[in-house]
Amino acid sequence: VYQAKRDGSEIKRLTNYSGYDGFPAYLKSKDRLYFSRWQNGQISLYAKSLTRNLAPWKVTKTAGHDLGLQLSPKENQFVWFRFSPDFKGSQILVSDLQFKNTSYLTLDSGVNWSPSWHPNGKSILYSAKNTTMNSYDLFEVSTDGKCKRQITSYAGDEFFPTVSPDGKNIVFARAKAKDPL
């Protein structure tokens, strides 16, 4: 994981690991970097102080692979997705900043991934495909997991949703199917 000025200058390496470090998230209030690290056959979330010279520490210690950590707009919660140990399914999780109050927002079969916060901080958009679906579609779920709705149902796959700052538009990547929209 690297840091640079907004113009791309002054590149500085923040993690010094020969394997995979990715999906960085910066928590300004604690001057802390969070990221996913592949180590010993597992992908876990790690944290690293940016002001003290300490080795990164593991913050998730469960079976599965943790990726895609995103900090909420109010910087008081995280969301990420966890693949099962065999990579056959994944779920969306939300947690406080200490990772003590963690809950699953999805608990269905299939793949739920690429979460992104709505600017209001009350819901999360993500991409999902389960055994009854032919493609990945976009969904929105409240942070308490009680309200879930499907956003897209096009032929083809939709991934990586992002909501505009005013909350009125969604931007996402799409792998087209043979059928046009």
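Which backbone nitrogen does the side chain of Ser114 reach? In this predicted model, the partner is the backbone nitrogen of Phe160, which the side chain of Ser114 approaches at 3.3 Å. Ser114 is found in strand β11, and its relative accessibility is 6%, so that it counts as buried, the cut-off for that class being under 20% relative accessible area. Leaving aside neighbours within four places in sequence, Ser114 is in contact with Phe81, with Leu125, Tyr126 and Ser127, and with Phe159, Phe160 and Pro161; Phe160 therefore appears both among these contacts and as the residue whose backbone nitrogen is reached by the serine side chain.

The contact between Ser114 and Phe81 leads to the nonpolar interior of the model. The largest nonpolar core comprises 19 residues, and those with the most contacts inside it are Phe81, Ile92, Leu105, Trp113, Ile124 and Tyr126. At least two residues of this core are supplied by each of the strands β8 (77-83), β9 (90-96), β11 (111-117), β12 (123-129) and β13 (137-142). Apart from this core lies another, of 12 residues, which includes Leu27, Tyr34, Leu71 and Trp80. In soluble globular proteins, nonpolar side chains tend to be buried together. The surroundings of Phe81 itself, not counting residues up to four places away in sequence, are made up of His65, Asp66, Leu67 and Gly68, of Gln91, Ile92 and Leu93, and of Asn112, Trp113, Ser114 and Pro115.

Two buried residues in loops were examined next. Leu97 is found in the loop between β9 and β10 (102-104), and it counts as buried because its relative accessibility is 14%. With residues up to four places away in sequence not counted, Leu97 touches Leu27, Tyr34 and Leu71 as well as Glu75, Asn76, Gln77 and Phe78; Leu27, Tyr34 and Leu71 are also among the residues of the 12-residue core. The C-alpha atoms of Leu97 and Leu54, which stand 43 residues apart along the chain, are separated by 19 Å. His118, in turn, lies in the loop between β11 and β12, and a relative accessibility of 14% means that His118 counts as buried. The residues touched by His118, again not counting those up to four places away in sequence, are Pro73, Ser123, Leu125, Glu140, Val163 and Gly167.

Backbone geometry draws attention to two phenylalanines. Most residues other than glycine have a negative phi. Phe23, however, has a positive phi, near 50 degrees, and Phe87 has a positive phi of about 60 degrees although it is not a glycine. Phe23 is found in strand β3 (residues 20-27), whereas Phe87 is found in the loop between β8 and β9. With a relative accessible area of 35%, Phe23 is classed as partly exposed, and Phe87 is likewise partly exposed, its relative accessible area being 36%.

The largest pocket of the model contains about 170 Å³ of space. Its lining is formed by Gln3, Lys12, Arg13, Leu14, Tyr26, Asp31, Lys48, Ser49, Leu50, Thr51, Arg52 and Asn53, and the elements that give two or more residues to this lining are β2 (12-13) and β5 (42-49). By residue class, the lining of the largest pocket divides into 3 nonpolar, 4 polar and 5 charged residues.

Methods:
Residues numbered from 1 in each chain as written. Predicted model: local features only at pLDDT ≥ 70, side-chain atom pairs only at ≥ 80, totals over all residues. Heavy atoms only, no water. Core = buried A, V, L, I, M, F, W, Y, C linked by side-chain atoms within 4.5 Å. Buried < 20%, exposed > 50% of the residue type's maximum accessible area, 1.4 Å probe, protein only. Helix = DSSP H or I, 4+ residues; strand = E, 2+ residues; numbered from the N terminus. Contact = heavy atoms within 4.5 Å. Polar contact = N/O pair within 3.5 Å; in protein donor to acceptor, adjacent residues only side chain to side chain. 1 Å grid on protein atoms, 1.4 Å probe; cavity = no way out; pocket = protein on both sides within 12 Å on 5 of 7 lines; lining within 4 Å. Points joined across faces, edges and corners; volume = space filled by probe spheres on them. Nonpolar A, V, L, I, M, F, W, Y, C, P; charged D, E, K, R; others polar.
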